[in-house]
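Student: I would like to work through this model with you, one part at a time. Could we begin with the strands and then go on to a helix and the core?

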Amino acid sequence: MPTPDRSKGMELSVSAARAAIAAVLTPITDCDTLPLDQALGRVLAEDLISPIAVPAHDNSAMDGWALRGADLGASAITLNSIGTALAGHPYSGSVGIGQCVRIMTGAVVPAGADTVVMQEEAQQDGSSVRIAGTHKPGQNVRRAGEDIARGAVALRSGTLLRPQHLGLAASLGLARLRVHRRARVAVFSTGDELRQPGEDLVPGAIYDSNRHVLAGMLARLGCETRDLGVVRDEPARLEAALREAMSWADAIVTSGGVSTGDMDFTRALLAKLGEVTFCNIAMRPGRPMAFGRLKNGERPCVLFGLPGNPVAAAVSFTQFVRGALLQMCGCTDTALPLLQARAHQPMKKKPGRTEYQRGILERDDQGMHVRLTGAQGSGMLSSLCQA
């Protein structure tokens, strides 16, 4: 990938920008060992090796009768019922020729038996059980270890833990998991025009929405976040905020101050306190975005200077910051899912530029299709709410 020409403001493609970010990230190597109920959303730091087979024994997939498959034939047979096997209460004897055992779902298949016939397909008369000749040996039995063999890798290191992963760990008898430390992220907005919700607006002022959107996105990723509020358009205040943030954070996410206006200082301060990797991306919304590393002794810290327009900030976070933070935490699958759908209307874009438009996905007999939310201005936060 060519080195960006920062003096000319060279625009990187979206893929090149992602590669440039990935190339300078420092993995978080610190780990925590947590109980299962605290591990949701964290990234597994080591392969999870199963200490047991799952299932631990051959067991029944349904309520019915456990028998020897060798007793089945082309015609109906009558077997002698000799006992009952319940989940958690195995039958202690052995099933011989011409015998069967009443069995419930999940119960251990008794010794000598290898087949289960569901209860609706058998007729019982006292201890006699009549079974039609339409069954196959081995049916309706879950084999020991067919889900996970003992000693097998149940979950790979780098897995982002979801509820089903915690359930799997619990099924192996594991009460605690070793996970990567959460990413520490400082977030603040820049701009003299910004006011906090609840304050009165003076002429020319607007409410700061970006910080709340970004903080919510960071919370959803499971990051440990510090909100530094709104920083005014003064280089000294902005530098102080960056120095405070970089003393603690793995990453800093800002919005505003990255364009080329007279009051846009973020890029210049990034160059002063570290090094700029790139500052423009061939995309819409979100063309002006600064990314680079801040120098703080041995502590690595990266800065994502996002655009000030609300939609541009949210789209830039989704396309670049989200994956980078997951990668820093050791996650091996950071890609967002993609769907193929038919567009309701034609969409135009500038050649060589990636555009992200907000749409509403619908499904009918013809498959999935998408329609735009309407006007696609980068300041129209309502379009994200509709999408």
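Student: How many bridges join strand β4 to strand β6?

Tutor: This is a predicted model, in which local features need pLDDT of at least 70 and side-chain atom pairs count only at pLDDT 80 or more, while totals for chains, interfaces and linings use all residues. Residues are numbered from 1 along each chain as its sequence is written, and side-chain values use heavy atoms, with hydrogens and water left out. Strands (E, at least two residues) and helices (H or I, at least four) are DSSP runs numbered from the N terminus, and two strands pair if DSSP finds at least two bridges between them. Strand β4 (residues 64-67) and strand β6 (residues 99-103) run antiparallel, and the number of bridges joining them is four.

Student: Which residue of β7 is the bridge partner of Ala-66?

Tutor: Strand β4 is also joined to β7 (residues 115-118), again in the antiparallel sense and by four bridges. In β6 the partner of Ala-66 is Val-101, whereas in β7 the partner of Ala-66 is Val-116.

Student: Which side chains of β9 point to one face and are buried?

Tutor: In a regular strand the side chains alternate between the two faces of the sheet. Buried means under 20% relative accessible area, with exposed over 50% and partly exposed in between, using a 1.4 Å probe and protein chains only. Along β9 (residues 128-131), Ser-128 and Arg-130 point to one face and are not buried, while those that point to the other face and are buried are Val-129 and Ile-131.

Student: Why do the buried residues of α2 line one face of the helix?

Tutor: In helix α2 (residues 163-171) the buried residues are His-165, Leu-166, Leu-168 and Ala-169. The arc is taken from the directions from the helix axis to the C-beta atoms. Seen down the axis of α2, these buried residues line one face because they fall within an arc of 155 degrees.

Student: Which element gives the most residues to the largest nonpolar core?

Tutor: A nonpolar core is a set of buried Ala, Val, Leu, Ile, Met, Phe, Trp, Tyr and Cys residues joined through side-chain atoms within 4.5 Å. The largest one has 41 residues, of which Ile-21, Phe-278, Phe-304, Leu-306 and Leu-325 touch the most other members. Several elements each supply at least two residues, including α1 (14-24), β21 (301-306) and α6 (310-328). The one that gives the most, with 11 residues, is α6.
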